[in-house]
Amino acid sequence: MSEARSQTSRWRLWAGAIVVLLAVFFTARYFLRERLPVRVAAVEHAMLVNTVSTDGRVEPTVNYQFYSPIATTVKAVYAQEGDTVPAGKLLVTLDDVAAKAQVATAESAVRSAEANLDAVTHNGTQAERQASASEIEQDRLTRDQAQRDLDALTKLVAAGAAAPGEVTAARSRLDTAQASLNAAQHIESQTVIRAPIAGTIYSMDATPSEFSAAGNLLLQIADLHHERVRGYFDEPDLGRLAIGQQVVIRWAAKPDSEWHGHIVRLPSDVVTYTTRNVGEVLIDFDGSSDGLLPDTNVTLTVTTSSQPDTLSMPREALHEQNGKYFAFKVENGELVRVPITIGSPNLTQVPILSGLEEGDVVAIGTTNGQPLQEGVPIKEQR
């Protein structure tokens with residue numbers, strides 16, 4: 001009997017131990033499996049800044065470009081790219097033989113047109129003079145000598161005035177010849193290039209003794225103390241821009257530097273730029289643009305709005321379902337789904353209008369790739 005009781009006690013002891021072990025096992029398994037490592041952040045008041053970013057290009061405020069006026073040869077170059085030169089300095093000369101020939105031809109055409117106009121205006125055409133002589137001879141047959149002489153004199157005087165249409169045509173030919181001469185003289189003047197301002201030659205494509213086709217760019221000069229940026233903003237962003245908005249300008253070649261400016265002109269139309277529909281916005285520098293050369297490609301960040309002391313949380317903590325927003329709030333070591341109302345977010349922050357208070361802790365995401373779930377115990381990581 002006592003042996004039976006002893007055996008029963010042993011079984012009860014083993015059963016109790018097994019129950020305890022199972023409880024410990026499942027409890028440990030629950031906490032180890034379900035306690036997610038979660039990155040968290042506090043809801044707090046901060047400056048909320050909205051921005052628009054794009055690319056742009058630096059350009060001189062006033063740029064002077066010189067092109068080859070005709071197909072010719074570069075005779076001489078008197079400056080190099082990067083030189084700062086005074087106004088009036090001789091920079092490039094081109095072979096002007098062809099230009100001088102054009103001027104001589106144009107001058108000859110002007111003299112010929114002037115002689116033609118003088119002949120038409122004062123002497124009449126040959127046909128008119130022959131007609132007048134015939135009429136004079138006819139008059140001699142029917143009138144007395146004196147009358148015939150008088151009639152002949154009268155008709156000769158009348159013959160001296162040409163038809164109005166002929167005078168107009170002759171004058172038109174003279175005007176055309178004069179215009180050609182002016183053009184030829186202008187081309188000749190362009191074979192000698194001088195600096196129009198005191199500035200820097202930032203592009204020099206002219207090389208002595210080399211042929212240059214008509215229209216080839218020879219050089220560019222500008223005052224590099226006066227530059228601006230032409231920004232290319234995507235069409236959907238144009239409505240957020242306004243004159244005077246502040247712009248941060250950065251250049252990849254100098255990642256530790258930045259320049260500041262503001263919008264001075266908004267686009268009047270939308271154009272195609274590479275594969276994008278953009279509006280071109282002009283930006284003036286606030287202060288110096290030293291270090292940025294013309295045609296430098298830069299990135300632009302425009303501050304479109306700034307809201308101080310705004311209750312906000314990281315944008316990564318924002319979730320949406322069926323058009324409604326929510327966040328996972330941390331309470332007593334677990335995640336609780338909280339509906340929220342938000343304002344206009346920027347790239348990194350979300351303004352909170354209702355649903356959360358300052359000091360609340362929200363989940364941003366897990367560190368092991370598992371999804372966030374309501375009611376799941378977590379291990380906070382900041």
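In what order do the four strands of the open sheet with strands 3, 10, 8 and 5 stand? In this predicted model, the order is 3-10-8-5, and the pairing is antiparallel. The edges are taken by strand 3 (63-67) and strand 5 (84-85); each has a single partner strand, so one side of each is left without a neighbour in the sheet. Within this sheet, strand 8 (residues 199-204) and strand 10 (residues 217-222) run antiparallel and are joined by four bridges. One residue pair shows how they line up: Thr200 has Ala222 in strand 10 as its bridge partner.

**A sheet with the order 7-6-4-9**

Another open sheet of four strands, also with antiparallel pairing, has the order 7-6-4-9. Here strand 7 (192-194) and strand 9 (211-212) are at the edges; with a single partner strand each, they have one side left without a neighbour in the sheet, which is why they count as edges. Strand 4 (residues 72-77) pairs with strand 6 (residues 90-94) over three bridges in the antiparallel sense. Val77 stands opposite Val92 of strand 6.

Thr72 belongs to strand 4. Is Thr72 buried or exposed? Its relative accessibility is 6%, so Thr72 counts as buried. A polar atom of the Thr72 side chain lies 2.8 Å from the backbone oxygen of Asp95. Leaving aside residues up to four places away in sequence, Thr72 touches Leu94, Asp95, Glu210, Phe211 and Ser212.

**Salt bridges**

How many salt bridges does the structure hold? There are eight. The table lists some of them, with the distance between nitrogen and oxygen.

| Basic residue | Acidic residue | N to O distance |
|---|---|---|
| Arg228 | Glu59 | 2.7 Å |
| Arg230 | Glu280 | 3.0 Å |
| Lys329 | Asp360 | 3.7 Å |

Arg228 forms its salt bridge with Glu59. Arg228 lies in strand 11 (residues 227-234) and Glu59 in strand 2 (residues 44-60), so this pair ties together parts that are 169 residues apart in sequence. Arg228 and Glu59 are both buried.

The side chains of Arg230 and Glu280 also meet in a salt bridge. This pair links distant parts of the chain, with Arg230 in strand 11 and Glu280 in strand 15 (residues 276-285), 50 residues apart. Are Arg230 and Glu280 buried or partly exposed? Arg230 has a relative accessible area of 16% and is therefore buried. Glu280 has a relative accessibility of 28%, so Glu280 counts as partly exposed. The cut-off that separates these two classes is 20% relative accessible area, with buried residues under it.

Which residues are linked in a network of salt bridges? Glu59, Arg228, Arg230 and Glu280 are linked in this way.

Lys329 forms a salt bridge with Asp360. Lys329 is in strand 18 (residues 324-331), while Asp360 is in the loop between strand 21 (349-354) and strand 22 (361-366); the two residues are 31 residues apart, and the pair links distant parts of the chain. Lys329 counts as buried because its relative accessibility is 17%. Asp360, with a relative accessible area of 15%, is buried as well.

Notes:
Residues are numbered from 1 along each chain as its sequence is written. This is a predicted model: local features need pLDDT of at least 70, side-chain atom pairs count only at pLDDT 80 or more; totals for chains, interfaces and linings use all residues. Side-chain values use heavy atoms; hydrogens and water are left out. Two strands pair if DSSP finds at least two bridges between them. A salt bridge is a side-chain nitrogen of Lys or Arg within 4 Å of a carboxyl oxygen of Asp or Glu. Buried means under 20% relative accessible area, exposed over 50%, partly exposed in between (1.4 Å probe, protein chains only). A polar contact is a pair of N or O atoms within 3.5 Å; within protein, one must be able to donate a hydrogen and the other to accept it, and residues adjacent in sequence count only if both atoms are side-chain atoms. Contact means heavy atoms within 4.5 Å.
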